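Work through the three exercises below with the structure in view. Each task is followed by a solution in steps.

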Amino acid sequence: MNTATEEQRTHKAAKRLIRALWVFNWFNSCGFTELLPVVASRFDMERFGMIVVGSPRHADVLFVAGYQTFKSAKYLRRIYEQMPDPKFVVALGSCPFSGGMYWDSYNTIKHLDEYIPVDLYIPGCPPRPEAIFHAVGLVMEMIEGKRKGGRSGD
Amino acid sequence: MVTEISKLLEPFAPREEGNAVWVREPLEEAPRIWQELRELGYDYLAAISGVDWPNRGVIELVYHLWSLQEKSFVHLKVEVPRDQPRLPSACHIWGGSAAVNEREVHEMFGVEFQDNPDLSPLFLEDWEGPPPFRKDFDWRAYVREKYYCEDREEDRGYYKG
Amino acid sequence: MAITRAETYVIPFGPAHPGSGNFRVWLTVDGERVIEARADPGFLHRGFEKLMEYRTLLQASVLTDRIAVFEPLNWNLVFALAAEKLQGIEVPERAKYIRVLLAELTRIQSHLLWFGAAGIAMGFDTVFKVALTYREEILRVFEEATGGRVYPTGYIRPGGVRWDLPEGFLERAEGVLRHIEYHLSDLNDLFFENPSFVARTKGLAVLSPEEGIRLGASGPALRASGVPYDVRADDPYLVYDRLEFQVITRREGDALARFLVGRDEVLESVKIGIQAIRDMPEGEHAVKVGPFAKVKEGEAYVHIEAARGDAGCYIVGTGGRTPYRVKFRGPSFTLLIPVLEHLLQGVEIADVPVVYWSLNHCPADMDR
């Protein structure tokens, strides 16, 4: 469960995160195809110190790239709980916000913030790599305390 | 159409279209025809599709068979009654590809294949409703009840129609 | 207390593993060796076939982009061909050549992504960066023609294509194709002829031709076992009967052969793309299909050669505005469940990602 308060998250120790935000390897569903170019060399995310890690205990940011089905939402919740504070959840695309293109599907969840607290939503289907970098910039502003995170369902 | 296949399928009034043959056969004849078609070279089962016809009271299964030598299709249709959907499995003829297709049709339509060793759920976990691809499953009401909430302002539109 | 011999236990090779996709396999292991594997799909199941029953034909063509996320134009194409066969629509010549060009470009970028993702799962990070850089060139071409980098918003739709190609597009596309053809040899030193890659993949997970046919494999995985099954040659659609190309096969059937078939297919696709550019006629780009056109009564089944194998679409209409039933046959459905369970027997745990990525697959078109 998330027990960090707003002050803890913007604590000086958290400010060191700006140098390197590590991303967890939860590359799920449609937004995956625009997250791979972000990792590759044209839109290189490693120049900002961001790498893809395999263990949730090492990660700071969780990118939820698109729709989640009823089955994968359970594992998403478990991974979210295993990530240590401070952590940020960024939801990519229109599917986590309102169901998106699969608004009448019997197997996808429509509002991601009923399952895990979300800090930031990025519109697009899928969002371009430039939009993802804009979101990373906003996350860094949240760390510095210049912007309030939109944590709902906390 | 090659002569052996036309002799085999002639009693069932097949329809030819380009390099494909569409034919409907009765349920009792199905295993025999499958075996003979396999011996005539139709050894690649591309897919098994299910179609639900509630007005006729049947679930229709279409077996799409491709022959690598003849380079042509035979689409075989078998009908099973909706209230008792049961028919023999084709696993001993076409192997793994038949087994996994039958598992999917079982999950989505509720059709039972006798002698298929493994009919456990494939895609859906903890599914409580009826088989989802049947026409009497009111999926819009199901989605509305399960995933949308009338108190949320952005969901109001979904409740209108 | 004496330590007795360990029993077998079950581990998941799961969705959050760095070497897997969105798919889980339960491995029963004895020490380091896999005895049995059981596939656990369904992480991406959206019920596409049910969604299609509530959309008109033109709305459905936008939805088909996302069935297999790495090759959207090929799935647009298979749905458009099935709908046209059902409705009895004949597409103009220019549209056919445009479709062939875009389908081959999609095949090339899908194979490059396959090499990149396999490289990163096996520890060759440089291959990932190099392959995706060349894929970006193709995405730039797609964005110019269709408006979307990865999802072309249903560009290939029943009736033709959505709009005509812009000025000077054909020269730029030919430039990109020649560029990739020249630079594919960069990947040879890094990947295909790299001694450590060859040592990891040679002789691993051999698929015999009879087993491949029985288990329903298709595409590069089956052609690497010696079966020359390619829908473009056996059952030509669009204008493939007028174009010259070869069907690439190998006889060994191991993981190395599958990758090499993929590499040689990229070169063949470049050749087909250049022929399509050279022979493209002038003319109309589409036949008008109304947005609420009635779906005729009848049925049709069409299959094409997607990058991953034999992709099919079965459509049934009963005269309403939306189709009565649409069924998609994804090549990864049989590649990921029966074939993978068969090939993983007797393999070491460290080789599981290699076997998994050597079958060119995409979990999204398995789950649909």
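The exercises concern a predicted model and cover a helix pair, a chain interface and a domain pair.

**Exercise 1.** Describe how helices α4 and α12 of chain C are placed relative to each other.

Solution. Step one is to locate the helices: α4 spans residues 93–122 of chain C, and α12 spans residues 255–278 of chain C. Step two is the geometry: their axes come within 9 Å and cross at roughly 160°. Angles over 145 degrees count as roughly antiparallel, so α4(C) is roughly antiparallel to α12(C). The crossing is left-handed. Step three is the contact itself. Residues of α4(C), including Leu101(C), Ile108(C) and Trp114(C), meet residues of α12(C), among them Val266(C), Ile272(C) and Ala276(C). The residues of this contact divide into 11 nonpolar, 4 polar and 3 charged.

**Exercise 2.** Find which element of chain C gives the most residues to the side that touches chain B.

Solution. Begin with the totals: 28 residues of chain C are in contact with 28 residues of chain B. Next, list elements of chain C that give two or more residues; these include α9 (209–215), β7 (309–317) and α13 (331–343). The most comes from α13(C), with 5 residues. By character, this side of chain C holds 10 nonpolar, 8 polar and 10 charged residues.

**Exercise 3.** State how the two assigned domains of chain B touch.

Solution. The assignment gives domain 1 (3–123) and domain 2 (128–161) of chain B. Their C-alpha centres lie 33 Å apart. Each domain of chain B puts 6 residues into the contact. On the domain 1 side, β3 (44–53) and α4 (96–109) of chain B each supply at least two residues.

Key: Residues are numbered from 1 along each chain as its sequence is written. Chains are lettered from A and ligands numbered from 1 in the order in which they are written. This is a predicted model: local features need pLDDT of at least 70, side-chain atom pairs count only at pLDDT 80 or more; totals for chains, interfaces and linings use all residues. Two residues are in contact if their C-beta atoms, placed from the backbone, lie within 7 Å. Helices (H or I, at least four residues) and strands (E, at least two) are DSSP runs, numbered from the N terminus. Ala, Val, Leu, Ile, Met, Phe, Trp, Tyr, Cys and Pro count as nonpolar, Asp, Glu, Lys and Arg as charged, and the others, Gly among them, as polar. Domain bounds come from an automatic or database domain assignment. Axes are lines fitted to C-alpha atoms, for helices over the stretch in contact, and angles run from 0 to 180 degrees between N-to-C directions. Angles under 35 degrees count as roughly parallel, over 145 as roughly antiparallel, 65 to 115 as roughly perpendicular and the rest as oblique. A crossing is left-handed if the near helix is turned anticlockwise from the far one by less than a right angle, and right-handed if clockwise.
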